[in-house]
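Reader: I am new to this structure and should like to be guided through it in questions and answers. Please begin once it is on view.

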Amino acid sequence: SVSDPWEQLYTIALTDLRRIIEVDTEDEAWNFVGVAQMLTAFVMGTLVDVWGDVPYREANLGSLKPYPVFDPGSQVYADLLKLVDEAQANLAKVSNVRMGNSDLYFAGDVAKWQRFGNTVKLRLYNQARLTPIYDDAAVKALLTGNKVMGAATDDFEMLYGNVVSPDTRHPTFIDEYTQNSPAYNISPYFYQIMQGKSQLNT
């Protein structure tokens, strides 16, 4: 249902990201702070794209704001553009803790996160292109040089593993293959197409 993503993004993803920002700011683990800020901008931007006006400034404050106000989507976008800039500044700082293999997207490659942040910013401008938020000069600057994601190696994709404890395998693999009670049947033809084969069993 539509309510499931809303609940999961606010109660799990955004809550965890806020906590990461708070703890790692104290520890001066700036790489983690910058990444968490970029992911917050990515998630919140998606929420605005789907629902329009959404809670942002008072969101994820727990008992301090149990009923957060809904902010206009245009205001959220403006705040997110500033958040991405802040994230980029944090990624440029010397971090007390490096991400390394704990980064399940880019394996600690800060340059890739910087391109991801610029791409998120470009996406925000594109979505707001008919509003006063749009900044043509800023868009052109983002498109100059190697500032946005443009190669397959920049793909924003979770790097799943094959370790059982702690389990780093893909959730679908766990649900569909290891428990012997699949809820979905994956089409062999579709699987072959994804492998670049035009016919079955070739």
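Author: The model shown here is a predicted one. A suitable place to begin is E28, which lies in the loop between α1 and α2.

Reader: What is the phi of E28, and is E28 in a residue class other than glycine?

Author: Most residues other than glycine have a negative phi. E28 is a residue other than glycine, yet its phi is positive. With a relative accessibility of 39%, E28 counts as partly exposed. The phi of E28 is near 55°.

Reader: Where does A107 lie?

Author: A107 also calls for attention to its backbone: phi is near 50°, a positive value in a residue other than glycine. Its relative accessible area of 44% makes A107 partly exposed. A107 is placed in the loop between α3 and α4.

Reader: Which peptide bond is cis, and what is its omega?

Author: Most peptide bonds are trans. The bond in question leads to P166, a residue found in the loop between α5 (136-142) and α6 (171-178). The cis bond runs from S165 to P166, with omega near -5°.

Reader: What is the volume of the largest pocket?

Author: The largest pocket is lined by 18 residues, and those closest to its centre are L17, V35, L39, Y105 and W113. Its volume is about 500 Å³.

Reader: Which element supplies the largest share of the lining of the largest pocket?

Author: Both α1 (3-26) and α2 (30-51) supply at least two residues of this lining. By class, the lining holds 16 nonpolar residues, one polar and one charged. The largest share, six residues, comes from α2.

Reader: How much space lies in the second largest pocket?

Author: This second largest pocket has a lining of 13 residues, with R18, I21, T40, Y56 and L83 nearest its centre. The space within the second largest pocket is about 270 Å³.

Reader: Which element gives the most to the lining of the second largest pocket?

Author: The lining of the second largest pocket comprises six nonpolar, three polar and four charged residues. Two or more residues come from each of α1, α2 and α3 (73-91). The element that gives the most, with four residues, is α1.

Reader: How far apart are the end C-alpha atoms of α3?

Author: Helix α3 has 19 residues, and at 1.5 Å a residue it should span 27 Å. The distance between its end C-alpha atoms agrees with this expectation, being 27 Å.

Reader: Against which elements do the buried residues of α3 pack?

Author: The buried residues of α3 include V76, Y77, L80, L81, V84 and A87. L83 is also one of the buried residues of α3, and L83 is among the residues nearest the centre of the second largest pocket. The buried residues of α3 pack against α2 and α4 (110-127).

Reader: With which residue does D85 form a salt bridge?

Author: The pair links distant parts of the chain, since D85 is in helix α3 and its partner is in helix α4, 36 residues away. D85 counts as partly exposed at 39% relative accessibility, whereas the partner counts as buried at 13%. The closest N and O atoms are 2.5 Å apart, and the partner of D85 is K121.

Reader: How far apart are the closest N and O atoms of R19 and E22?

Author: R19 and E22 are three residues apart in helix α1, which means that about one helical turn separates them. Residues three or four places apart in an α-helix point the same way, because there are 3.6 residues a turn. R19 is exposed at 52% relative accessible area, while E22 is partly exposed at 39%. In the salt bridge between R19 and E22, the closest N and O atoms are 3.5 Å apart.

Reader: Is R169, which forms a salt bridge with D167, buried or exposed?

Author: The closest N and O atoms of R169 and D167 are 2.8 Å apart. D167 is partly exposed, with a relative accessible area of 36%. Buried means under 20% relative accessible area. At 19% relative accessibility, R169 is therefore buried.

Reader: Which residues is R115 in contact with, leaving aside its neighbours within four places in sequence?

Author: R115 lies in helix α4. Its relative accessible area is 15%, so R115 is buried. The residues in contact with R115 are N146, K147, V148, M149 and D154.

Note on methods:
Residues are numbered from 1 along each chain as its sequence is written. This is a predicted model: local features need pLDDT of at least 70, side-chain atom pairs count only at pLDDT 80 or more; totals for chains, interfaces and linings use all residues. Side-chain values use heavy atoms; hydrogens and water are left out. On a 1 Å grid over the protein atoms alone, a cavity is a set of points where a 1.4 Å probe fits but cannot get out, and a pocket is an open set with protein on both sides within 12 Å along at least five of seven lines; lining residues have an atom within 4 Å of a point. Grid points are joined across faces, edges and corners, and a volume is the space filled by probe spheres set on the points. Ala, Val, Leu, Ile, Met, Phe, Trp, Tyr, Cys and Pro count as nonpolar, Asp, Glu, Lys and Arg as charged, and the others, Gly among them, as polar. The expected span of a helix is 1.5 Å times one less than its number of residues. Buried means under 20% relative accessible area, exposed over 50%, partly exposed in between (1.4 Å probe, protein chains only). Contact means heavy atoms within 4.5 Å. A salt bridge is a side-chain nitrogen of Lys or Arg within 4 Å of a carboxyl oxygen of Asp or Glu.
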